[in-house]
Amino acid sequence: MFQFILRRLSLVIPTFFGITLLTFTLIHMIPGDPIEVMAGERGVSAERHAMLSAELGFDQPLYIQYFRYVGGVLQGDLGNSLVTRTPVLDEFLALFPATVELSICAALFAIFIGLPAGIIAAVKRGTIFDHSVMTVSLTGYSMPIFWWALLLMLIFSVNLGWTPVSGRIDVVYWIDNTTGFMLIDTWLSDEEGAFTSAVSHLILPSIVLGTIPMAVIARMTRSSMLEVLSEDYIRTARSKGIAPWRVIVIHALRNALIPVITVIGLQVGILLSGAILTETVFAWPGIGKWLIESIGRRDYPVVQGGILIVATIIIVVNLLVDIMYGVINPRIRHSH
Amino acid sequence: MSTKQMTVAEETMVAPVPRTPLQEFWHYFKSNKGAVAGLVFIVFICFLALFADFVAPHSPSVQARDALLLPPAWLDGGSWHYFLGTDDVGRDILSRLIHGARLSIAVGIVSVTFSLFLGILLGLTAGYCKGIIDTTIMRIIDIMLAMPSLLLAIAIVAILGPSIINAALAISIVSLPHYVRLTRAATMTEMSRDYVTSSRVIGASPLRLMFICILPNCLAPLIVQATLGFSTAILDMAALGFLGLGAQPPTPEWGSMLADALQFVQRAWWVVTFPGVMILITVLAFNLMGDGLRDALDPKLKQ
């Protein structure tokens with residue numbers, strides 16, 4: 001097991017350095033001089049330009065700049081935002097809980113709807129229920145989620161007035177930022193109605209962000225269940241007279257869930273991508289909105305750092321999924 | 001030569017007229033109702049895209065100052081002159097949607113062709129050469145896969161500057177890894193087959209082996225992936241347009257039409273609804289057809 005984890009890790013480390021190289025190259029491919037971007041429209045004199053250039057290390061050869069950058073990254077220094085002058089990592093850490101909270105709720109929505117729908121569709125194969133699940137999931141899979149967000153907002157917020165239009169909580173509440181997770185913070189605070197307000201702000205964004213993962217999970221669960229249900233051991237279990245629900249829940253589901261768990265783990269990338277669009281529509285103060293706004297403001301250190309962190313999170317999650325897969329399935333652990 | 005002999009042999013053995021591969025494919029494909037519906041819609045969209053100038057009732061950019069935010073024809077205050085209503089500067093929504101189809105299909109064709117071409121080249125090389133070349137290519141692909149595709153596309157567009165061409169380029173770069181992986185996997189399977197060994201023994205050059213012997217046998221999964229690639233390209237294009245990083249106004253692109261309409265969500269639902277419906281149905285059509293193609297081309301599922 002230990003060897004298996006080491007082998008996986010040895011594959012991940014070069015990928016991480018590859019990503020630092022990629023973000024470094026991307027930023028250096030941007031046309032224009034970073035110092036002039038910093039100076040804005042006023043411009044800088046030639047002496048001041050040379051001084052800043054030396055101070056920020058832009059006069060060094062590219063490979064030295066890259067090694068300095070990687071050295072900084074390894075010490076948690078991702079540079080400062082050109083606009084707010086605060087460290088990129090601090091800005092990221094302040095906004096990250098909002099995205100995590102939204103993503104977790106979206107994932108829960110996707111799992112609680114997608115998993116049972118997929119199981120029932122497989123058990124009742126060929127029925128109207130099965131066809132409806134497949135139609136809904138294919139539609140969800142094809143959904144432009146920014147439009148889906150607008151549509152739900154139009155129906156439930158504007159026309160019916162059931163949920164608020166945007167943000168994380170009503171402006172009337174002032175919540176201490178203890179954990180950064182609005183649900184926990186409002187739960188801990190004494191403000192009457194703050195928790196309900198936080199929940200109602202979360203509903204639509206979670207549904208929107210969870211739609212594509214839900215569709216993927218439902219499809220995957222159905223096909224995985226269908227495969228397992230045609231196995232011999234299921235027929236044996238049935239012929240022994242075990243209750244039908246027991247065959248499905250105890251015998252079939254356990255094996256069918258293995259590929260589904262992998263698929264759920266792989267949704268993290270989709271969630272973080274989707275967060276960019278969902279957060280933009282719902283004015284959700286998370287890292288997706290932050291990245292898009294930074295691109296608009298040409299705040300390149302933020303873009304560079306943000307992309308690097310997001311990519312790193314995805315590699316780490318994929319690594320964990322890989323390891324978990326190895327724990328569940330020994331055949332993978334021992335194959336080379 | 002060998003295929004000819006095989007069909008002759010089959011003809012003598014099987015009494016009814018055997019189907020050509022194309023007929024057989026069509027037989028399986030048409031039994032999938034969803035896939036046929038997808039195909040029909042795609043043909044329809046392509047027709048609209050090709051003949052947008054003749055089909056569209058109005059110009060996509062002409063602004064009718066006396067008809068701002070006009071509702072669709074069947075609602076109170078609507079006019080049959082503007083069937084799906086008009087937007088905030090009085091442009092006909094139906095005409096903009098039809099011209100938008102041209103853009104979406106064009107972006108789909110450009111980005112799928114580009115990533116298919118490059119993906120086949122890299123995948124074949126990696127699968128054929130193995131060793132250090134394979135490892136290098138696959139490491140780079142792994143790095144690209146670690147990035148969420150939309151984020152990478154956004155980063156590329158942010159560097160190149162927002163425009164349709166750059167967005168199409170970004171989308172094709174982002175979808176490259178899937179083609180490379182598929183081609184590589186298929187190539188490695190084919191490499192161990194006897195026909196490849198025998199061609200090699202006869203003295204076929206590496207290039208001939210790669211492109212004439214192996215490639216045609218790897219095409220089935222690539223065709224499916226290319227179809228599904230259209231749907232991702234159209235979705236990503238719309239997302240980039242929506243974020244203001246794709247087509248620039250006044251280009252009639254479905255995603256940027258939605259972005260323009262954001263501020264009128266509460267007053268005029270039609271400016272928001274119709275572009276989204278177009279994106280959804282078109283993407284759905286490509287996904288349905290891709291699923292149908294996969295079932296029809298996969299010999300394992302045929303029985």
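What is the handedness of the crossing of α6(A) and α13(B)? The crossing is right-handed, a term that applies if the near helix is turned clockwise from the far one by less than a right angle, with anticlockwise giving left-handed.

This is a predicted model, in which local features need pLDDT of at least 70 and side-chain atom pairs count only at pLDDT 80 or more, whereas totals for chains, interfaces and linings use all residues. Residues are numbered from 1 along each chain as its sequence is written, and chains are lettered from A and ligands numbered from 1 in the order in which they are written.

**Chain B**

Chain B has 14 helices and zero strands; helices (H or I, at least four residues) and strands (E, at least two) are DSSP runs, numbered from the N terminus. Its C-alpha trace spans about 75 × 50 × 30 Å along the principal axes. Of its 303 residues, 46% count as buried, that is, with 20 or more other C-beta atoms within 10 Å of their own, C-beta atoms being placed from the backbone.

**The contact between the chains**

In total, 31 residues of chain B are in contact with 35 residues of chain A, contact being defined by C-beta atoms, placed from the backbone, that lie within 7 Å. On the chain B side, α6 (131–146), α7 (149–160), α11 (219–242) and α13 (269–297) each supply at least two residues. The most comes from α13(B), with nine residues. By class, this side has 24 nonpolar, five polar and two charged residues; Ala, Val, Leu, Ile, Met, Phe, Trp, Tyr, Cys and Pro count as nonpolar, Asp, Glu, Lys and Arg as charged, and the others, Gly among them, as polar.

The axes of α6(A) (residues 128–141) and α13(B) come within 9 Å and cross at roughly 120°. The two helices are therefore oblique, the class left for angles that are not under 35 degrees, over 145 or from 65 to 115. Here A:Leu138, A:Thr139 and A:Tyr141 meet B:Leu284, B:Asn287 and B:Leu288. These residues divide into four nonpolar, two polar and no charged.

**Positive phi in chain A**

Most residues other than glycine have a negative phi. Two residues of chain A that are not glycine have a positive value. Each is exposed, which means 12 or fewer other C-beta atoms within 10 Å.

| Residue | Phi | Loop in chain A | Other C-beta atoms within 10 Å |
|---|---|---|---|
| A:Arg85 | about 65° | between α4 (62–74) and α5 (88–123) | 7 |
| A:Ala283 | about 50° | between α11 (244–282) and α12 (287–296) | 12 |

Notes: Two residues are in contact if their C-beta atoms, placed from the backbone, lie within 7 Å. Axes are lines fitted to C-alpha atoms, for helices over the stretch in contact, and angles run from 0 to 180 degrees between N-to-C directions.
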